[in-house]
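Hello,

Here is the structure I promised to pass on to you. Have a look at it first, and then read on for what turned up in it.

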There are 4 protein chains.
Amino acid sequence: SKFEYVKQFETEDKLLPNCWIVVRIDGKGFHRFAETHNYIKPNDERALDLMSKSAETVMEEFKDIVISYGQSDEYSFVFRKATNAYNRRASKLATNVVSLFASSFVFNWPRYFGTTMMQYPPAFDSRTVLYPSDKNLRDYLSWRQADCHINNLYNTCFWKLIQEKNLTPAQSQERLKGTMSSDKNELLFKEFEINYNNLPALHRKGTILVRTPKTSMENGDLDLSLQLQHTGSARGQRSRSTLSNKRSSRPNIERLHVDIIGEQFWSDYPDILNPK
Amino acid sequence: SKFEYVKQFETEDKLLPNCWIVVRIDGKGFHRFAETHNYIKPNDERALDLMSKSAETVMEEFKDIVISYGQSDEYSFVFRKATNAYNRRASKLATNVVSLFASSFVFNWPRYFGTTMMQYPPAFDSRTVLYPSDKNLRDYLSWRQADCHINNLYNTCFWKLIQEKNLTPAQSQERLKGTMSSDKNELLFKEFEINYNNLPALHRKGTILVRTPKTSMENGDLDLSLQLQHTGSARGQRSRSTLSNKRSSRPNIERLHVDIIGEQFWSDYPDILNPK
Amino acid sequence: SKFEYVKQFETEDKLLPNCWIVVRIDGKGFHRFAETHNYIKPNDERALDLMSKSAETVMEEFKDIVISYGQSDEYSFVFRKATNAYNRRASKLATNVVSLFASSFVFNWPRYFGTTMMQYPPAFDSRTVLYPSDKNLRDYLSWRQADCHINNLYNTCFWKLIQEKNLTPAQSQERLKGTMSSDKNELLFKEFEINYNNLPALHRKGTILVRTPKTSMENGDLDLSLQLQHTGSARGQRSRSTLSNKRSSRPNIERLHVDIIGEQFWSDYPDILNPK
Amino acid sequence: SKFEYVKQFETEDKLLPNCWIVVRIDGKGFHRFAETHNYIKPNDERALDLMSKSAETVMEEFKDIVISYGQSDEYSFVFRKATNAYNRRASKLATNVVSLFASSFVFNWPRYFGTTMMQYPPAFDSRTVLYPSDKNLRDYLSWRQADCHINNLYNTCFWKLIQEKNLTPAQSQERLKGTMSSDKNELLFKEFEINYNNLPALHRKGTILVRTPKTSMENGDLDLSLQLQHTGSARGQRSRSTLSNKRSSRPNIERLHVDIIGEQFWSDYPDILNPK
Ligand SMILES: Nc1nc2c(ncn2[C@H]2C[C@H](O)[C@@H](COP(=O)(O)OP(=O)(O)OP(=O)(O)O)O2)c(=O)[nH]1
Ligand SMILES: Nc1nc2c(ncn2[C@H]2C[C@H](O)[C@@H](COP(=O)(O)OP(=O)(O)OP(=O)(O)O)O2)c(=O)[nH]1
Ligand SMILES: Nc1nc2c(ncn2[C@H]2C[C@H](O)[C@@H](COP(=O)(O)OP(=O)(O)OP(=O)(O)O)O2)c(=O)[nH]1
Ligand SMILES: Nc1nc2c(ncn2[C@H]2C[C@H](O)[C@@H](COP(=O)(O)OP(=O)(O)OP(=O)(O)O)O2)c(=O)[nH]1
Ligand SMILES: O=P(O)(O)OP(=O)(O)OP(=O)(O)O
Ligand SMILES: O=P(O)(O)OP(=O)(O)OP(=O)(O)O
Ligand SMILES: O=P(O)(O)OP(=O)(O)OP(=O)(O)O
Ligand SMILES: O=P(O)(O)OP(=O)(O)OP(=O)(O)O
Ligand SMILES: [Mg+2]
Ligand SMILES: [Mg+2]
Ligand SMILES: [Mg+2]
Ligand SMILES: [Mg+2]
Ligand SMILES: [Mg+2]
Ligand SMILES: [Mg+2]
Ligand SMILES: [Mg+2]
Ligand SMILES: [Mg+2]
Ligand SMILES: [Mg+2]
Ligand SMILES: [Mg+2]
Ligand SMILES: [Mg+2]
Ligand SMILES: [Mg+2]
């Protein structure tokens, strides 16, 4: 029709080739959403698990995602450097990922929150970011995990002071102002007999989603899994979750709560940076 | 932390000022989604209403949207030229709109589909497009409504031939190949005694969402509404839906199924192109 | 060859349709370039004329430029809204314009600077900017001309104080600190018996380049020109320069030094905003 | 002033960090420019040297350029990955480079073309391209050098057939249609007793500009240079040109006409990919 010319006002947004593509989504106004739905403070495992469930749905749809990382109300999805998904169109990637995440979040809500009804549908923002080198990508993921650690340490202290020492939020904030990590660790230990490192890895490390090699799943090589389980390496932990994955019928994607800043994880999972 | 430098790899995507911003969303693979959920062919009013309900949620959240237009599995949202929402950041606008739309779609599904369970969570893509002039914007909306008309006329014929003349899909397609609009109108009239113009406006025109001026709502000026109701202009139709809006507690946004290609609509709703 | 894939790393940069495209170029480090070549302070007419000569070369090459405006070491070129030059590719427009400007600047240097040799070849930066509405475009040009006025008023005072009152640059700067336009006008009048408005229009208004309608040139309609010459409107001034244009064999582009902030200019030259 | 808002219509164009930035310039309509100025066919050494002289001017201004490559009417400039020149703004880089190149081209014309006057000032286009990996960058440069080779082989045959066998351009083109590289080599050898590999390296390889380490220049370590001169490696050739550089007072940048597709060059010049 004579109106079709308006199509030409759309702009191309192809992303540079040979770069890692990260899509990061983040809940809009989740401070309020968490309050409204009585999220447990500072970490609500139902909420975190629902986030990861939604991220898994995204990974099932977009096969070129090689690793995902989530914490709090955010998730990052890493597409392999050579991906040609949506012809690398930035808005297609950002919007399809985030809308699938959002609709999965609502879809799966009852499974995690039971009779607690969702009060209103949440929104998430989404962006694409390019990382040219493997080091840049690892630093990106380290940035998010370091952020998880810093926030969790602070929030743990903040809420302990409120919940167990009856401080007001203002007093708790004041108490923590200017403290270093070591101060907070000490506070937890001295005042609450908590060894921070013994808190759940889910809270301290966030969640890493990686793909399980198909063969090991098909083989159902439980013995090997059980063996690895004791090594303490990420690979060992993977094996455990592999087992539960099988039970919960989420084959091929596993959840980890391990350090991804150091070398160990990356040598345990060499395929992530060098996908076939 | 030493990882924070990676934040600098994000790119600015501010949209040109003084242009209409259109965000168009479109269901991903809705051919399959419609099949899976037994959408009525060619128009499933439950589905179309759910789309509009989701669009209303978006309009309630983003006050700078002055008009929305939907048909099939798509919706377009028009932000006023001077909007400063998200500082005009393209990805923020596209992603917040589409994720809220998607989560609202799932959230409200049961209200429209009753006991028909959603089988899987749907995704939508989203894009921003800029239109510098009012004419460009109107042409954009005309383009979408002309698309609605063309598809609906075709689909109506296509499914009538299948459902009532027992043609196979291939035969029906063959029968319609190369036909003009007038041919299809005639086909409907001669073979099925259908006057295309008497088919539901929802199917032929799609759905326009506009904001009702607050004052008329607060005044509850029903008499005026009833009067207008008989004029046959869009404004009259608006009044009708205003009434039902009140009943359904969706104040301030009304649904229209009128022509937006001609002048009438725009002189009925002068505020859209010149928002206060 | 197997290396051709690298071509795909180039990115599209098509500019939004239906917007005015402004290409503004600006001399790199012209503070130093002016010093090195003993530019007269604060306005060197040789330099300003050479700039305009170079701009005319650009306008002769790019027929879709409808108006240009220059002052100091900068020039702005306005392409008509509907231009399809270089398929509206931003980098093509910005770079072809600026490189032609620069090479023309060096090429024509001797004509304006005679035996003063150019010491080193100058660089210029260049950018494209989009303006959706006529008002935006006029405000852009007004911005540049207001900038010309403000700088010229300041510089005129600054150098008068140095050159005729023997102030040091620091003293002159100090004397002018915090003064308003009216103060500077008064200073010029009281201390130097200069009525600012009587200074050359070239200095106060900068240079506007517009295209002379071909017919009037071909007709050689001198009588009309001479008549108009006395009206005092921009059109009258145009006529004068038309005559000199003919003599200097620069047909079809005329130089004006008139106000472009008010209405007069735009009603004198209606074709600029509505090119055929 | 009230017009300053128009500044906000400018868009940011910062280039992704940690990528090689290539600025490639190319003469506009040099087919005609070469004809007009009677360029020798197919290679005019005056023209090629003037191009390289202009490129050297660019490298003297932009210290973050680590290597440049030129052939025909084009030149590519490679900025180191970590450059912060102009804060990595794409249009600043592309336009400052190209305008300096163009003005240097005109500025230095007489030195190379003597009494042959320039007839009109030339324009050049310019673009930025990002390459994330060293391999991508090398492939880019290989692409340009392979292009030089292919064109030169073709053009050499094409003009020999015209100039020495009196073919018309159309006949010459016909004669070469569908020939492979090997066919053209054979043609040159059989019909003109030319061994293609003995033609000037300038024609076959184009021109590489690299920076000479300052120390060796300051040391004037001629003995070492003379020694290397005989190795046949790129480094040896560099030394020769180092000597002539000294004579021609173009310190620190040297011209090479060597293969940059293979490994040798890159191991001879390790600093290019790993600048300090
Ligand atoms: N109680 C509780 N709150 C959580 C949990 N996970 C996330 N949140 C809340 C706490 C934070 O206020 C919020 C995430 O911070 P953001 O910086 O993303 O802020 P928010 O989403 O409010 O605003 P935004 O729209 O992203 O700018 O989500 C949780 O497990 N428990
Ligand atoms: N039966 C039925 N189907 C509908 C209705 N509304 C939309 N659809 C289906 C028919 C079309 O196949 C599809 C919309 O066409 P699209 O061009 O958006 O294709 P689709 O979403 O399959 O692919 P895409 O991911 O957008 O490229 O949605 C409806 O009311 N009834
Ligand atoms: N004496 C004299 N100087 C002039 C004339 N026209 C321009 N200039 C000089 C004065 C200013 O220092 C300079 C223009 O100011 P800019 O803001 O463009 O600064 P500049 O080019 O030095 O730096 P840039 O590379 O543009 O950031 O050019 C003139 O007619 N006479
Ligand atoms: N005779 C002669 N011609 C040359 C020499 N170097 C370059 N040229 C001419 C031959 C080609 O026609 C032209 C370069 O080809 P291009 O593809 O860049 O085409 P051209 O510049 O004409 O058009 P463009 O504006 O770049 O699209 O320059 C030379 O050394 N001798
Ligand atoms: O949203 P935050 O707090 O992580 O901070 P940001 O991502 O820098 O801000 P924005 O969401 O506005 O891009
Ligand atoms: O999706 P369609 O069919 O409307 O066509 P398009 O929008 O031009 O295609 P795309 O979704 O790939 O931008
Ligand atoms: O160059 P100026 O002084 O006009 O200021 P700018 O244009 O805002 O700065 P830049 O040249 O860095 O875009
Ligand atoms: O100019 P060419 O022939 O190298 O080809 P191109 O670069 O692909 O074309 P353009 O100059 O239009 O970008
Ligand atoms: Mg944020
Ligand atoms: Mg958030
Ligand atoms: Mg967050
Ligand atoms: Mg589409
Ligand atoms: Mg669709
Ligand atoms: Mg659709
Ligand atoms: Mg500047
Ligand atoms: Mg300047
Ligand atoms: Mg300037
Ligand atoms: Mg080209
Ligand atoms: Mg060329
Ligand atoms: Mg070329």
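Please keep in mind that this is a predicted model. A good place to begin is the magnesium ion written as ligand 11: A:Asp26 (OD) and A:Asp73 (OD) coordinate this ion at 2.1 to 2.2 Å. The two residues come from distant parts of the chain, 47 residues apart. A:Asp26 sits in strand S1 (residues 20-27) of chain A, while A:Asp73 belongs to the loop between strand S2 (65-71) and strand S3 (74-79). Is A:Asp73 buried or exposed? A:Asp73 counts as buried, because its relative accessibility is 13% and the cut-off for buried is under 20%.

There is also a second magnesium ion, ligand 10, which lies 3.5 Å from ligand 11, and A:Asp26 coordinates both.

Now turn to chain D and ligand 4. This ligand is surrounded by 15 residues, and D:Asp26, D:Gly29, D:Phe30, D:Asp44 and D:Asp73 are the closest. By class, the shell has 5 nonpolar, 5 polar and 5 charged residues. Strand S1 (20-27) and helix H1 (30-36) of chain D each supply at least two of them, with the largest share, 3 residues, coming from H1(D).

Three contacts are worth finding on your screen:

- A polar backbone atom of D:Gly29 is 2.7 Å from an oxygen atom of ligand 4.
- An N or O atom in the side chain of D:Asp73 is 2.9 Å from an oxygen atom of ligand 4.
- A nitrogen atom of ligand 4 lies 3.0 Å from a backbone N or O atom of D:Ile40.

On its own, ligand 4 has 630 Å² of accessible area, and the protein covers 64% of that.

Enjoy exploring, and best wishes!

Note on methods: Residues are numbered from 1 along each chain as its sequence is written. Chains are lettered from A and ligands numbered from 1 in the order in which they are written. This is a predicted model: local features need pLDDT of at least 70, side-chain atom pairs count only at pLDDT 80 or more; totals for chains, interfaces and linings use all residues. Side-chain values use heavy atoms; hydrogens and water are left out. A residue is near a molecule or strand if one of its heavy atoms lies within 4 Å of it. A polar contact is a pair of N or O atoms within 3.5 Å; within protein, one must be able to donate a hydrogen and the other to accept it, and residues adjacent in sequence count only if both atoms are side-chain atoms. Accessible areas come from the Shrake-Rupley method with a 1.4 Å probe; for residues, only the protein chains shown count as cover. Helices (H or I, at least four residues) and strands (E, at least two) are DSSP runs, numbered from the N terminus. Ala, Val, Leu, Ile, Met, Phe, Trp, Tyr, Cys and Pro count as nonpolar, Asp, Glu, Lys and Arg as charged, and the others, Gly among them, as polar. Donors are N, O and S atoms within 2.8 Å of the metal (3.2 Å for Na, K and Ca); water is not among the atoms, so sites may look incomplete. Buried means under 20% relative accessible area, exposed over 50%, partly exposed in between (1.4 Å probe, protein chains only).
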